[in-house]
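Visitor: Could you pick one part of this model and walk me through it closely? I'd like to know what surrounds it and how it fits in with the rest.

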Amino acid sequence: MGSGSEYIKQRFAEEGIAVTDRQAASFERYYELLVETNKVMNLTAVTEFKEVVGRHFVDSALITKYYDFSSVNKMIDMGTGAGFPGIPLKILYPHLSVTLLDSLRKRVDFLRNVVDNLGLKQVTAVHGRAEDFGRDPEYREAYDLCVSRAVANLSTLSEYCLPFVQVGGFFISYKSGTVDEELEQAKPAIKMLGSKTKKVEKFFLEDAGRSMILIEKKEKLSGRYPRKAGLPSKQPLK
Ligand SMILES: C[S@@+](CC[C@H](N)C(=O)[O-])C[C@H]1O[C@@H](n2cnc3c(N)ncnc32)[C@H](O)[C@@H]1O
């Protein structure tokens, strides 16, 4: 095992997350593909190895300390970009069936290459907008869990993400810093989307404040949502 893999195991262990040799090797290979491809397309602002491990891999995975991923079967990562948090979660929990959704085709092509290279099974990378996929019967209310990091404000994001979640399932929003005001503003939207905020987990990662908002889908979604592409961001529900 290389020094890269050793570092990955040690960094995750510092956060109380056990990583096998095989998983560490997958993370190392993912890092290589990320920085190699980042030379020709915009995937990540950070490229230094330890920074990528901390700010992308560990950050994607910390939620597993607060939410039981062994009970999740089908998960969608909305606005996954270069695969965060979806790919690290899949590496750590190989039983998951994962959909990676993004509206930028080049990023989806990159993700398909990562999936092939890492030999990940039951992972599909799809290209399109959340507003369109959320109306497609194959995707609508078809997931136990939707995760999303750094895509939009919580009101807009709720209209993107909650349509994918089945009743009793969860949407987890990864946010930086404090979220109290954003959460307050998004309250009416979350209610209109048949859901309720269950809890907010706040912690620090490498001195940066992180907040994870866990929203439970309580009722089947009204046929009104999601509204047509563009509207959730131009006119967030309120
Ligand atoms: C800032 S990036 C974040 C990527 C990744 N989640 C991360 O944390 O590194 C936001 C991503 O969301 C995608 N996106 C934005 N709006 C979207 C929409 N309505 N449907 C699908 N993808 C969307 C963009 O193409 C972009 O890749």
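Guide: A quick working rule before we start: a residue counts as buried if 20 or more other C-beta atoms lie within 10 Å of its own, and as exposed if there are 12 or fewer. Also bear in mind that this is a predicted model.

Let's take helix α5, which spans residues 105-118. From its first C-alpha to its last, this 14-residue helix reaches 20 Å, close to the 20 Å expected at 1.5 Å a residue. Its buried residues are Arg107, Phe110, Leu111, Val114 and Val115. They sit on the same side of α5, because together they cover an arc of only 140° around the axis. That spacing is worth a glance: an α-helix has 3.6 residues a turn, so residues three or four places apart point the same way. Turn to the other side of α5 and you find Arg105 and Asp116, both exposed. Just past the end of the helix comes Gly119, with a positive phi near 65°.

So what sits over the buried residues? The cover includes two helices, α2 (21-38) and α4 (86-92), along with the strands β2 (97-102) and β3 (123-127).

Start with α2. The axes of α2 and α5 come within 10 Å and cross at roughly 150°, and α2 passes α5 in a right-handed crossing. On the α2 side, the residues in contact are Ser26, Arg29, Tyr30, Leu33 and Thr37. They meet Phe110, Asn113, Val114, Asn117 and Leu118 of α5. Two names there should ring a bell, since Phe110 and Val114 are among the buried residues of α5.

Now for the strands. They belong to an open sheet of seven, ordered β3-β2-β1-β4-β5-β7-β6, and the pairing is mixed. At the edges you have β3 and β6 (195-205), each pairing on one side only. From one strand to the next, the twist averages 20°. As background, strands of a sheet pair through backbone hydrogen bonds, either parallel or antiparallel.

Following the sheet inward from its β3 edge, β3 and β2 pair in the parallel sense over five bridges, with Thr124 of β3 as the bridge partner of Thr99. This is where our helix comes back in: α5 packs on the sheet and touches β2 and β3, its direction making about 165° with that of β3.

One step further along, β2 meets β1 (residues 74-78), and those two strands also run parallel, joined by five bridges. Thr99 turns up again here, this time as the bridge partner of Ile76. As for β1 itself, four of its five residues are buried.

Putting the picture back together: α5 has buried residues on the same side, with α2, α4, β2 and β3 among what covers them, while Arg105 and Asp116 are exposed on the other side. If you want to trace it on screen, begin at Phe110, where α5 meets α2, then look for the contact of α5 with β2 and β3, and finally follow Thr99 to Thr124 in β3 and to Ile76 in β1.

Terms used. Residues are numbered from 1 along each chain as its sequence is written. This is a predicted model: local features need pLDDT of at least 70, side-chain atom pairs count only at pLDDT 80 or more; totals for chains, interfaces and linings use all residues. The expected span of a helix is 1.5 Å times one less than its number of residues. The arc is that of the directions from the helix axis to the C-beta atoms. Two residues are in contact if their C-beta atoms, placed from the backbone, lie within 7 Å. Two strands pair if DSSP finds at least two bridges between them. Axes are lines fitted to C-alpha atoms, for helices over the stretch in contact, and angles run from 0 to 180 degrees between N-to-C directions. A crossing is left-handed if the near helix is turned anticlockwise from the far one by less than a right angle, and right-handed if clockwise.
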